[in-house]
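Student: I would like to take a close look at a single part of this structure and understand how its surroundings are built up around it. Could you go through it slowly and in one connected account?

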Amino acid sequence: MNIKIVYDNQERYGFQCGHGFSVLVNDFLLFDMGKDVVSLRANLSAFKIDLSQIEEVALSHEDWDHVGGLDLLADMPSVKEIYVPMAFSAEIRERIELIRPGIKIVDVYKSAVEMTSGAVMTPQLSGGRKKRKTEISLVLKTKNGVALITGCAHPGLTKIIKQARKIGKLQAVIGGFHGFWNLGALRGLKLIVPTHCTKKKTAILAKYPTQARAGAAGMELDLTEL
Ligand SMILES: [Fe+2]
Ligand SMILES: [Fe+2]
């Protein structure tokens, strides 16, 4: 299994950065779409990804830094379904419909939803200030368990990890961890990639020097042996 970070606050040489997040799984599943179309398109192109290869799209939550590149959906003809939290507003649903008329919007609510490819979206959880942010996360089945990919983790990474552990033995966590502070919750993981909005990135890298790596646009991760 291959993960490519295609939008992030940090970038590697040859890639663009911006405040946002997007990850491509196995060159066909896109999770989140960053803050803007220009950088998202440039980074996919730097990885030599043809947009027609992308077959599945999931959006973690409605923050602009995760749905800002949504217009790029117009150039992804192979995407027939888009997975979103049930809490998505009427405005963003209309926008999706305008960009890709007839596309099937799959709502994720109280139960985990298995995507066509076998990847799983966790049930929607709420968090952030006044619990206004509702978010779903991606769980990928690996050889020995599962890997969790989060957008911002506004509901709290510890709560999301609990959901992922219902699906399989957790091996890796990658993404935005936001204000997550309970670093002990990451004990036992083989790979930890804090990135995007993670406030305690430095502390996580210091506590788990062999397992943790800082994420950036242009980074590729091989999860085959996890
Ligand atoms: Fe974010
Ligand atoms: Fe966010």
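Tutor: What follows is a walk around one strand, β12, and the parts that surround it in this predicted model.

Let us begin with the strand itself, which covers residues 146-150. Five of its five residues are buried, so β12 is largely enclosed by the rest of the structure. In a regular strand the side chains alternate between the two faces of the sheet. In β12, Val146, Leu148 and Thr150 are on one side, while Ala147 and Ile149 are on the other, and since all of these residues are buried, both faces of the strand are covered.

Now we can ask what lies on either side of β12 within its sheet. Strands of a sheet pair through backbone hydrogen bonds, either parallel or antiparallel, and this strand has a partner of each kind. With strand β11, which spans residues 138-141, β12 pairs in the antiparallel sense over four bridges. Among the bridge partners, Val139 is matched with Leu148 of β12, and Leu140 is matched with Ala147 of β12. The two strands β11 and β12 form a hairpin, with four residues between them. With strand β13, residues 170-176, the arrangement is parallel, and five bridges join it to β12. Here Ala147 appears again, for its bridge partner in β13 is Ala172.

These pairings belong to a wider arrangement, an open sheet of six strands in the order β7-β8-β11-β12-β13-β14, in which the pairing is mixed. The edge strands are β7 (113-114) and β14 (191-195), each of which pairs on one side only. Helix α4 packs on this sheet, touching β11, β12 and β13, and its direction makes about 145° with that of β12.

The helix also has a place in the path of the chain, since β12, α4 (residues 157-165) and β13 make a right-handed β-α-β unit. The buried residues of α4 are Leu157, Ile160, Ile161 and Ala164. They cover an arc of only 105° around the axis, which puts them on the same side of α4. A general rule helps in reading such a list: an α-helix has 3.6 residues a turn, so residues three or four places apart point the same way. What covers the buried residues of α4 includes β11, β12 and β13, and also β9 (125-127).

Finally, a residue from further along the chain brings us back to the strand. Leu226 is in the segment after β15, a strand of residues 220-222. Leu226 counts as buried because it has 20 C-beta neighbours inside 10 Å, and 20 or more is what that label requires. Leaving aside residues up to four places away in sequence, Leu226 touches Thr142, Lys143, Asn144, Ala147, Gln171, Ala172, Lys190 and Leu191. Two names in that list, Ala147 and Ala172, are the bridge partners that we met where β12 lies beside β13.

Note on methods. Residues numbered from 1 in each chain as written. Chains lettered and ligands numbered in written order. Predicted model: local features only at pLDDT ≥ 70, side-chain atom pairs only at ≥ 80, totals over all residues. Buried ≥ 20, exposed ≤ 12 C-beta atoms within 10 Å, placed from the backbone. Contact = placed C-beta atoms within 7 Å. Pairing = 2+ DSSP bridges. Right-handed = clockwise from strand over helix to strand, strands pointing away. Arc of directions from axis to C-beta. Axes fitted to C-alpha atoms, helices over the stretch in contact; angles between N-to-C directions.
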